[in-house]
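The following exchange asks how certain structural labels are justified. Each reply sets a computed value against the rule that applies.

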Amino acid sequence: MAANGRTFYMGTSSNWSFHGQILNLVHEHMHKSPLPAADLLFDGSAYDLLWDGTRSLPESAAPIIPSIDYAMFLINAVKFHCGQMMHLFDEEEFMSNLHTFYSGTSTRATWKGSLWYVHFLMIIAFGKTFVQQQNHTSRPPGADYFIQALKLLPDTDKLCRDPIMATEVLSCIALYHQSLDARNAAHVTIGQAMRIALIQGMHTDMPVTNLGDAVVQRCRKIWWTIFILDRHMTSLMGLPQSVRDEDISCKLPDYQASPQKAAALSMQIKLARVHVDIATTVYGSKGRLRKKFVLSIKTVLENLAGLAEELRSSCPLQVDERLGGISRLPAHYHLYYYQTVVVVTRPLSFCCMKKVFEAPQQVTPLIASPKIRKVLHMSVEASQKILAILESLREQGLLETFIPWDLDALFVSTMVLIVTRFVDSTLLDDRTLWLEKAFELLVAMVAGGSRIADYRMRELRRLDEMLAEYAALQEHPTQLNTNIVQDPPRVPENSSNANPIFASPNGGPVYHSFSDEGSGFGDDLTAEQIIAVAESMDIESTDWLSFDIFDNNQPLELVDPAIQ
């Protein structure tokens with residue numbers, strides 16, 4: 001429940017609910033009271049659009065329409081930042097309408113009643129956020145265009161009359177809401193786009209002979225964009241999926257000029273489906289872990305192992321190692337892949353942390369088990385790889401500060417590293433360097449204008465401080481001063497010029513910065529490594545049973561669905 005009394009439902013696999021539950025667990029053990037609502041970021045509270053939702057604002061509040069050359073610049077920014085990953089507009093039709101709009105052959109008042117004009121405002125709103133970073137006001141750049149688009153958005157009946165453009169517009173609005181951390185609005189809006197697409201039959205193998213290849217290709221791009229956004233948003237909130245895979249027969253669009261884009265889309269669809277499996281089998285509908293949760297993790301890891309080699313071959317991070325840099329498109333999918341590994345394995349970190357609080361004498365022999373240690377180490381390694389990719393993107397000026405994909409991966413990985421260091425610091429090769437890098441990246445996102453990153457950084461620092469305080473009190477049990485707090489990882493000065501080397505247990509480099517001459521990303525998690533970890537998870541072994549959470553009469557409550 002938020003401080004204003006509003007309650008939020010978050011399902012069991014939600015990133016935000018999972019993090020909130022960990023914070024609450026630690027706070028209750030430290031302070032013998034629930035975590036104050038003010039310590040969490042709630043839905044839609046990161047930004048203030050200074051708009052109450054009414055559509056009757058005066059005309060004087062409408063934003064100034066940019067000149068055509070600036071509009072083209074903003075549109076190209078959207079194509080670079082979003083167009084590689086998803087379909088937000090049909091370029092041929094959109095640009096044709098754009099030139100007509102600016103030609104002056106018709107009054108702009110006429111255009112304001114069109115759905116295309118709403119679409120245009122949304123693209124301009126996105127473009128503004130991409131080119132005007134380092135904004136530190138309560139509203140992101142381009143918010144005026146977004147609000148104007150919502151004011152002019154037609155009702156559902158009119159949207160259904162132009163379903164193709166309507167689904168594109170709604171996808172834009174949903175993604176913008178997600179970028180504002182307005183999760184509920186994002187989920188509802190992409191759900192509306194999904195319903196209109198279903199009514200139009202976009203989920204089916206649409207007949208080219210009847211509709212024409214151009215329309216079918218466009219609908220395929222729209223459908224898979226909606227599918228990915230819906231699966232992503234639904235999984236982040238821990239909610240059940242609305243459309244079954246077996247009801248979908250839509251083919252992938254033809255990307256004859258870009259086979260890598262086709263392979264990347266296929267990979268993203270497969271990973272989106274894995275996230276559904278995680279939400280339904282690992283976490284479960286009631287947020288409780290029983291004996292089967294280990295078997296579910298094992299099954300998901302086996303599925304991920306099947307995608308490891310495909311990811312490496314179809315979306316290599318460095319297409320040309322001579323150039324040193326990495327491409328934004330494959331980086332996005334590698335981040336998504338490693339984030340999937342973290343999400344499926346992090347319940348084990350949660351279980352170990354509970355053991356530290358409830359039965360500390362059992363923790364050391366438990367974590368010493370090779371079977372359990374392998375899974376924890378895989379989670380740590382995936383988190384480290386996320387940081388290495390994000391560091392490379394930051395050095396190239398490609399780190400996203402508005403679209404939430406990079407922040408989601410950073411948030412998930414940093415939380416796991418903090419918890420793992422608390423459970424067993426030997427699992428983390430260097431106790432401070434990795435977390436310094438994580439907070440350094442958060443600082444870079446905040447400097448880029450992300451208010452959400454600022455809130456997330458404070459939450460993560462709070463978690464790290466409480467765990468450090470608890471560890472200090474265990475070392476000095478007679479010390480009653482609860483202000484013994486270890487300083488959070490220090491962000492080095494001039495971090496923007498840093499050229500970090502991430503250390504390995506033997507002191508040698510594991511991952512170099514991508515910008516290092518002659519250095520590469522390092523070895524990916526191979527299919528063989530993932531399979532080896534999965535096969536080591538003998539569900540009947542005493543290592544797993546020692547958690548004492550598999551008794552059918554004693555389930556472990558993983559998360560409180562109403563934590564947010």
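The questions below concern a predicted model.

Q: What makes a local feature or a side-chain atom pair count in this predicted model?
A: Local features need pLDDT of at least 70 and side-chain atom pairs count only at pLDDT 80 or more, whereas totals for chains, interfaces and linings use all residues. Residues are numbered from 1 along each chain as its sequence is written, and side-chain values use heavy atoms, with hydrogens and water left out.

Q: How many helices and strands does the protein chain have?
A: The protein chain has 21 helices and 4 strands. Helices are DSSP runs of H or I with at least four residues, strands are runs of E with at least two, and both are numbered from the N terminus.

Q: Why is F357 called buried or exposed?
A: Buried means under 20% relative accessible area, exposed means over 50%, and partly exposed lies in between, with a 1.4 Å probe and protein chains only. F357 has 9% relative accessibility, so F357 counts as buried. Of the 564 residues in the protein chain, 57% are buried.

Q: Why is the pair of F357 and Y470 called edge-to-face?
A: The whole structure holds 22 aromatic pairs. The ring centres of F357 and Y470 are 4.7 Å apart and their planes stand at 80°, so the pair is edge-to-face. The rule pairs rings of Phe, Tyr and Trp (its six-membered ring) if their centres lie within 6.5 Å; planes under 30 degrees apart count as stacked, over 60 as edge-to-face and the rest as tilted.

Q: What makes this pair a link between distant parts of the chain?
A: F357 belongs to helix α14 and Y470 to helix α19 (residues 451-475), with their positions 113 residues apart in the chain. Y470 is buried as well, because its relative accessible area is 12%.

Q: Why is S327 called partly exposed?
A: S327 has 29% relative accessibility, so S327 counts as partly exposed. S327 is placed in the loop between α13 (292-314) and α14.

Q: What is notable about the phi of D181?
A: Most residues other than glycine have a negative phi. In D181, phi is near 65°, a positive value in a residue other than glycine. D181 is found in the loop between α8 (163-179) and α9 (183-200), and D181 is buried because its relative accessible area is 4%.

Q: Which residues does P63 touch, not counting those up to four places away in sequence?
A: P63 touches D144, Y145 and Q148, where contact means heavy atoms within 4.5 Å. P63 sits in the loop between α1 (15-31) and α2 (68-83). With a relative accessible area of 15%, P63 is therefore buried.

Q: What makes a space in this model a cavity, and how many cavities of 30 Å³ or more are there?
A: On a 1 Å grid over the protein atoms alone, a cavity is a set of points where a 1.4 Å probe fits but cannot get out. By this rule there are 7 cavities of 30 Å³ or more, and the largest cavity has about 140 Å³ of space.

Q: Which residues line the largest cavity nearest its centre?
A: Its lining has 14 residues, of which H232, Q268, H332, Y336 and W405 lie nearest the centre; a lining residue has an atom within 4 Å of a point. α14 gives the most to this lining, with 5 residues.

Definitions and conventions:
1 Å grid on protein atoms, 1.4 Å probe; cavity = no way out; pocket = protein on both sides within 12 Å on 5 of 7 lines; lining within 4 Å. Points joined across faces, edges and corners; volume = space filled by probe spheres on them.
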